[in-house]
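Visitor: I have a model open on my screen and would like a friendly tour. Could you take me through some of its helices, strands and packing?

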Amino acid sequence: SVVLCPIVVLAQVPDRILYNGKILTVDEEFSIASAIAISGERIVAVGDNAAVRDLADAQTQQIDLAGKTVIPGLIDNHIHYLRGTNFAAYETRIHGVTSRAEVMTRITTRAEELGSAEWVFIIGGWNEQQFADKSGGFTREELDAAAPDNPVFIQKNYTIFYMNSMAEEILGPQLGDFYTGDSVVRTNYRDGRIVMYAALEHFPFAQTLEERMVEVKAFNAYLTSMGVTAAYDVGYLDGSYDPVTALYEKGELDLRVFYAQRYWADSPRTAIAAAELLDREEAFQRDDRYGMYGIGEHVYGLLHDMAGERSSEPFSQNIYDDFHTIARSAAKNGWQVNEHTMRESMASKMMTISEEISEQYPMRDLRWTLGHVDLISKESVERAKRLGWHITIANHTIKPRIEGIASPPIRMIQDSGILWGMGSDGTIVATYNPFHTIWEYTAGKIFPDIVKYESNEVITREEALIAHTRSNAYLMFMENDLGTLEAGKYADLVVLDSDYLEIPVDDVRDIRPVMTMVSGEIVYRNANP
């Protein structure tokens, strides 16, 4: 249920007022207002039209929302941000495209834009099942027809790749035993890198800091056009953060970007080195806009579980011991841990390790999180809740449905009362449009229109929006500044083209922002709302 939001006012005269809207504050009561006033970077009033507009003076800009819905800025708690910046300015995206014919049209259009002999790249974020008109992988013939004069390389994930004849001719000799002679190359997780790197030799990566800054801005523009106003990068070896830092220092970073401490440990010696790094570094090297905090999503590189691909207990005690070395140092020095935890066996083991660590270094207030939790049990969720862990859930809209179970068990997690947040896991293995993720868990479907959850296993739109805003702000230690539209918080908000609460649930995936604001500044505006 919803209640009308009462007027809440701070002292400042507003610079900007948005009125005549449906403002979902996502506060504790999930109250709804019609107007919001902003002074500088922060919200100074939320309430009804008349009361808020009475605060204006002659210099206040007033924007008529014409009944449009406004939500807090969406926070992505799990994105491979820097990786995304590497490709954003050049790649062709097919996120959420459910028409195979439309994909071919996009390839043709991109080839024509580039000119003959230039490479067309699609870098992840899709699945063969998502095309309603004709599912399945791409054939050499259709890719040749779409771009006869351009090499086309399409990455599905880390093990499957498609290409047309021109790309095959160029890459074939480099692929060796991986080259199958048809349009698709299928390999394993390790050897998939050989295929990917061979193709990326032809990707026009930026060569200078200035060019990299352009790529970063292109990625930021895409994220803000999707309503994302803050992102947490859980990657590690995706390049240098120098261009992001440069944009931040110039005041040109259009969304909040945070990232995990960057190291790689895959042996007892490097585990000790990682623990020593956490001993000597500060746990929070950031402000409200940019910087580093936390570790993960792989605290220890060899501890990498994959749902459905390995045995229920694939790791030796030695590997868990090395993880324990790093996690203990994290607890000792106040670091947040975010651990990739797909299987129930892994979740249970994480709880045991944290119990051991907490005897010496309590971690309840550090907001440690279990990521993914595709196969977690109710018992482990309850155990995690008692120990002070939280959960992050990612996008699965392009992943095959696991028959017979809810994966992850989203309704059970919500009903448990544990705090959990929603993210994308973009860029390669998921779309990073947040409305796709929200649709998945509220409609209970994956692309194109495949039922994933039974009706009693989905969550409500209110619950999903809380997870993508207020809860994520808490996981980022920013609950006093972000996540809801309340007086005193930063004016991070998104104006939508549809009524989020009232449209048919299957239309949620097609919601588009009309305007996105970060700290009171408009960072995206749709020219054709």
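Guide: Gladly, and one definition helps before we start: two strands count as paired if DSSP finds at least two bridges between them. Please also keep in mind that this is a predicted model.

Visitor: Then which residue of S11 stands opposite Phe-121?
Guide: Strand S10 covers residues 120-123, and four bridges join S10 to S11, with the two running parallel. Within that pairing, the residue opposite Phe-121 is Phe-153.

Visitor: Which residues point the other way from S10 than Val-120 and Ile-122, and are they buried or exposed?
Guide: Val-120 and Ile-122 share one direction from the strand, and the residues on both sides are buried. The ones pointing the other way are Phe-121 and Ile-123.

Visitor: What is the handedness of the β-α-β unit made by S10, H4 and S11?
Guide: Helix H4 spans 140-146 and strand S11 spans 152-155. Together with S10 they form a β-α-β unit that is right-handed.

Visitor: Within what arc do the buried residues of H5 fall?
Guide: Helix H5, residues 165-175, has Ala-167, Glu-168, Leu-171, Gly-172 and Leu-175 as its buried residues. Seen down the helix axis, they line one face of H5, because they all fall within an arc of 130°. Glu-169 and Pro-173, on the other side, are exposed. The arc asked for is 130°.

Visitor: Which residues on the other side of H8 are exposed?
Guide: In H8, residues 242-249, the buried ones are Pro-243, Val-244, Ala-246 and Leu-247. These fall within an arc of 160° seen down the axis, so they line one face of the helix. Their cover includes helix H2, helix H7, strand S15 and strand S17. On the other side, the exposed residues are Asp-242 and Glu-249.

Visitor: How many of the eight residues of H15 are buried?
Guide: The buried residues of H15 are Arg-461, Glu-463, Ala-464, Leu-465, Ala-467 and His-468. The helix is largely enclosed by the rest of the structure, because the number buried is six.

Visitor: Which helix gives the most to the largest nonpolar core?
Guide: That core has 95 residues, and those with the most contacts inside it are Tyr-81, Ile-326, Met-350 and Tyr-500. Seven residues of the core come from one helix, residues 317-333, which gives the most: H10.

Visitor: Which residue of H8 does Tyr-81 touch?
Guide: Among the residues that Tyr-81 touches are Phe-219, Leu-253 and Val-244. The buried residues of H8 include one of these, Val-244.

Note on methods. Residues numbered from 1 in each chain as written. Predicted model: local features only at pLDDT ≥ 70, side-chain atom pairs only at ≥ 80, totals over all residues. Heavy atoms only, no water. Buried < 20%, exposed > 50% of the residue type's maximum accessible area, 1.4 Å probe, protein only. Arc of directions from axis to C-beta. Contact = heavy atoms within 4.5 Å. Core = buried A, V, L, I, M, F, W, Y, C linked by side-chain atoms within 4.5 Å. Right-handed = clockwise from strand over helix to strand, strands pointing away. Lists of a residue's contacts leave out its neighbours within four places in sequence.
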